[in-house]
Amino acid sequence: MIGVDAGSGDRLALGVLTQYRMATTEQMHRVIAPSVRIEQTRRRLTRLRAEALVDRITLPQAGRTRVWFPTAYGVQLAAEWPKIRGHRPSRTVSDPTAVRLKAGHTLTVTGTALAFLEDARRHGDLFRPLDRIPEVHHPIGSGEAVIPDALLYYRRGPADGDNGAMLRAFVEVDRATMGPERLAAKLPAYERLYRYVPAVPGRRPTLQDPVLEEWRRRYPLFPHVLFVLDGTGPAGVDNRISALRAGAGLLAPSRFLHDVPVLPASLADLLQHSPSAPVWRPVHDPDPDQRVPWTDSGHRQT
């Protein structure tokens with residue numbers, strides 16, 4: 001890492017690309033250094049590229065937008081840092097062809113994370129660039145798993161406070177590349193995760209040592225489930241939310257929807273109003289026009 005400042009912005013830039021998978025130059029600038037000129041971010045990324053830690057492709061269909069991603073060497077280095085250890089991405093994250101094919105979806109996921117990050121900065125909440133983890137694998141039995149696009153760790157209130165509410169959320173970004181029914185099919189998977197108890201060979205649960213749901217090993221309470229909808233107009237968003245509500249109606253009598261806030265919203269509303277605004281429409285609410293802030297929509301987590 002000759003010439004790379006491993007203790008400050010270079011380290012953060014590499015960590016962000018490893019966590020986020022890819023980002024445009026503008027997205028990187030807004031994540032890591034919004035208070036300085038964007039030319040400084042360009043120089044930082046160019047320096048990291050010269051050190052073979054990151055690389056880039058150009059999307060001709062998007063005004064020749066440059067998209068940055070970590071190299072295999074960059075991932076290997078960043079994966080040793082405590083903040084990222086245990087969340088190493090797949091090998092395809094460093095493959096230019098895979099980056100090009102996945103750019104539409106992954107850049108939208110990055111843009112969604114950026115909306116939460118900038119909203120937290122405005123409100124003085126604690127949500128830093130690396131407080132979102134991509135594609136965390138959650139088994140639900142029979143070889144199947146729930147893998148959300150991202151997992152957010154978000155604390156209400158300032159970084160130096162200790163009374164803020166901790167919120168966790170699974171984020172699913174939908175760009176209307178699948179039908180509404182396939183989108184709604186994600187709800188039963190999350191419900192299975194909510195009640196999934198792994199089988200332990202040769203062990204029977206007791207009152208003193210019960211076998212608990214798998215998710216309780218990671219979270220004190222089940223995270224919110226946020227669906228961010230893009231790639232369609234208002235009518236298409238309404239159609240997809242209706243499909244989610246219809247899917248939710250099939251989950252009764254499970255306590256999943258009673259205990260877990262499941263909230264869809266359009267990316268356009270998040271960008272126009274902010275993620276903390278009342279733009280989320282609970283799938284269990286009979287009022288189709290009901291909108292709530294996700295940060296005030298359910299249980300508080302510690």
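**Exercise 1. Find the residues through which helices α1 and α2 meet, then describe their chemistry and the geometry of the packing.**

Let's start with the contact itself. From α1, the residues L12, A13, V16, L17 and Y20 touch M28, V31 and I32 of α2. Sorted by chemistry, the residues of this contact are eight nonpolar, no polar and no charged. Keep in mind as you work that this is a predicted model.

Next, the geometry. Helix α1 spans residues 9–20 and α2 spans residues 25–32; they pack at an angle of about 120°, and their axes lie 11 Å apart. Angles of 65 to 115 degrees count as roughly perpendicular and those over 145 as roughly antiparallel, so α1 is oblique to α2. Finally, the handedness: α1 and α2 cross in a right-handed way.

**Exercise 2. Work out which strands pair with β8, and in which direction each pair runs.**

Take one neighbour at a time. Strand β7 (residues 150–155) is joined to β8 by six bridges, and the two run antiparallel. Here you can look for R155, which stands opposite M166 of β8. On to strand β9 (residues 224–229): six bridges join β8 to β9 as well, but this pair runs parallel. A handy landmark is F170, whose bridge partner in β9 is V225.

**Exercise 3. Is strand β8 largely enclosed or open?**

Check each face in turn. On one side, M166, R168, F170, E172 and D174 are buried; on the other, so are L167, A169, V171 and V173. Now put the faces together: nine of the nine residues of β8 (residues 166–174) are buried, so the strand is largely enclosed by the rest of the structure.

Note on methods: Residues numbered from 1 in each chain as written. Predicted model: local features only at pLDDT ≥ 70, side-chain atom pairs only at ≥ 80, totals over all residues. Heavy atoms only, no water. Buried < 20%, exposed > 50% of the residue type's maximum accessible area, 1.4 Å probe, protein only. Helix = DSSP H or I, 4+ residues; strand = E, 2+ residues; numbered from the N terminus. Pairing = 2+ DSSP bridges. Axes fitted to C-alpha atoms, helices over the stretch in contact; angles between N-to-C directions. Parallel < 35°, antiparallel > 145°, perpendicular 65-115°, else oblique. Left-handed = near helix turned anticlockwise from the far one by under 90°. Contact = heavy atoms within 4.5 Å. Nonpolar A, V, L, I, M, F, W, Y, C, P; charged D, E, K, R; others polar.
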